[in-house]
Amino acid sequence: MSTVLVGVAGGIAAYKSCYLVRRLTAAGHDVRVVPTEAALRFVGRPTWEALSGHPVHTGVFDDVPGVEHVRLGEQADLVVVAPATADLLSRVACGAADDLLTATILATRAPVLVAPAMHTAMWQNPATRDNVATLRRRGIVVKDPAVGRLTGPDSGPGRLPEPEELAEMAAFLLEDPQAAHQLAAQDLSGRRVVISSGGTREALDPVRYLGNSSSGRMGHALAQLAAARGAHVTLVSAHVEVPAPSCVDSVQISSTEDLAQAMSDLAPGCDIVVMAVAAADFAPAASSPVKIKKHEGHDAVGLGTRIDLAQTPDVLASISAHRRDGQVIVGFAAETASDRGELLQLATAKLARKGCDLLVVNDVSAGKVFGKVDTDVTVVRQQGPGRRVMGSKILAANAVLDEARSLLAPAIGTADSPES
Ligand code: CTP
């Protein structure tokens with residue numbers, strides 16, 4: 001069990017943090033909530049106390065003998081501030097310690113994840129941009145707000161990402177606290193990344209299809225991490241079970257043919273192309289425009305009780321063949337192997353066949369990985385040993401991005417600054 005300190009600043013999105021606290025406690029963490037006085041105007045103290053099971057204070061004078069800011073800062077394995085207002089960002093950036101939350105942030109050595117939420121104009125104001133850059137320079141992870149409907153009639157960047165997504169980021173930073181520096185450094189800033197995800201469906205008729213059991217969780221984790229590391233991300237999703245993370249462009253597709261089209265549009269403009277989608281290798285040679293009836297009509301639509309299949313285009317091989325200099329192409333392979341030696345052999349052969357730079361292979365014998373939260377993958381390169389990662393999909397996703405980044409040509413015309 002980890003101790004997570006949830007800081008809440010005074011914005012309307014404070015209500016969403018109730019769900020975040022719920023998720024974190026449900027995951028087995030000991031959660032301490034530290035709201036600002038302004039936050040309590042949106043969500044009252046009893047709510048935070050009931051959800052966390054702990055007393056809630058806002059000021060450093062509320063429990064003087066307990067020296068609460070130091071104690072809370074020391075006990076925390078992770079600090080998550082959600083929402084962080086423009087005012088809170090500014091106070092943290094200048095090292096203020098004028099309430100329990102800012103004093104605790106100053107006193108902690110744990111990773112700090114900050115999720116700002118405010119009106120777009122405030123988020124884009126140079127003062128806020130500077131404060132965000134300062135926080136990132138100091139190793140604080142600032143999650144860009146989601147784009148969408150804001151309080152009032154306006155839309156734009158400024159929404160607090162969904163609690164589920166914040167909880168996933170929190171889980172990742174608890175699993176790998178060192179990653180906080182990497183996320184803060186925005187090391188994929190200025191890079192464009194396209195990730196295909198999920199599993200394609202090949203239509204037999206308007207209601208039936210040939211498909212597979214890919215959940216899209218790996219692609220989701222890759223997209224989330226690439227965006228958190230500063231990349232501009234497009235997620236091409238085929239029938240996924242999880243919503244697209246905030247801060248990514250999303251394209252929905254269905255079949256391998258759609259995939260081929262979407263990737264040929266998007267891949268040329270990207271620095272990193274990741275094919276995490278489980279694409280069908282074969283599709284019905286003919287798809288009926290009307291529902292196939294059990295007792296009639298097969299012949300009318302040219303389909304018998306046998307389904308004739310035609311091979312689909314190999315999208316990854318085609319992207320690899322047409323890649324431009326400096327692009328990094330990553331393929332995935334789910335294999336059933338009798339042992340690790342055979343798994344790596346299959347992966348090396350597939351890497352060569354597809355012509356990609358990296359192949360992420362996992363063993364799916366007896367349903368080991370499909371649809372599961374955790375994974376066990378090996379990233380195989382054209383040269384050198386593979387890198388094995390066991391843990392959450394988000395941890396594996398980060399390792400895949402590390403490997404891809406190490407192969408990227410240096411960016412042209414992008415500053416090394418943490419802000420893009
Ligand atoms: N892939 C693709 N186009 C296809 C099929 C697969 O781009 N028509 C991509 C997948 O997204 C994945 C990689 O190729 O990144 C490997 O997929 P896999 O199905 O393992 O490849 P196959 O060549 O079909 O190998 P196998 O014969 O083992 O199924």
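These are my notebook entries on what I looked up in this predicted model.

**Ground rules.** I number residues from 1 along each chain as its sequence is written, and I note that side-chain values use heavy atoms, with hydrogens and water left out. Because the model is predicted, local features need pLDDT of at least 70 and side-chain atom pairs count only at pLDDT 80 or more, while totals for chains, interfaces and linings use all residues.

**Ligand, surroundings.** I looked up which residues surround the ligand, taking a residue as near if one of its heavy atoms lies within 4 Å. There are 16 of them, and the closest are Met-275, Val-277, Asp-281, Leu-316 and Lys-350. I sorted this shell by class, counting Ala, Val, Leu, Ile, Met, Phe, Trp, Tyr, Cys and Pro as nonpolar, Asp, Glu, Lys and Arg as charged, and the others, Gly among them, as polar. The shell has eight nonpolar, three polar and five charged residues.

I then asked which helices and strands supply the shell, where helices (H or I, at least four residues) and strands (E, at least two) are DSSP runs numbered from the N terminus. I found that α12 (315-321), β16 (328-335) and α13 (340-354) each give at least two residues, and that α13 gives the most, with three.

**Ligand, polar contacts.** I looked for pairs of N or O atoms within 3.5 Å. An oxygen atom of the ligand is 2.7 Å from a polar backbone atom of Val-277, and a backbone N or O atom of Phe-332 lies 2.9 Å from an oxygen atom of the ligand. A nitrogen atom of the ligand is 3.2 Å from an N or O atom in the side chain of Thr-312. Taken alone the ligand exposes 580 Å², of which the protein buries 78%, with areas from the Shrake-Rupley method and a 1.4 Å probe.

**Strands.** I turned to the sheets, where two strands pair if DSSP finds at least two bridges between them. One open sheet of five strands has the order β2-β1-β3-β4-β5, with parallel pairing. β2 (30-35) and β5 (141-142) stand at the edges with a single partner strand each, so one side of each is left without a neighbour in the sheet. Six bridges join β1 (residues 3-8) to β2, and Gly-7 has Val-34 of β2 as its bridge partner.

Elsewhere I found β6 (residues 146-149) and β7 (residues 155-159) paired in the antiparallel sense over four bridges, with Val-147 partnered by Pro-157 of β7. These two strands form a hairpin with five residues between them, and Gly-152 in the turn has a positive phi of about 85°.

**Backbone exceptions.** I kept in mind that most residues other than glycine have a negative phi, and that most peptide bonds are trans. A cis peptide bond joins Ala-82 and Pro-83, with omega about -5°, and Pro-83 is found in β3 (residues 78-84). Val-67 has a positive phi near 40°, and I located Val-67 in the loop between α2 (45-52) and α3 (68-75).

Notes:
A polar contact is a pair of N or O atoms within 3.5 Å; within protein, one must be able to donate a hydrogen and the other to accept it, and residues adjacent in sequence count only if both atoms are side-chain atoms.
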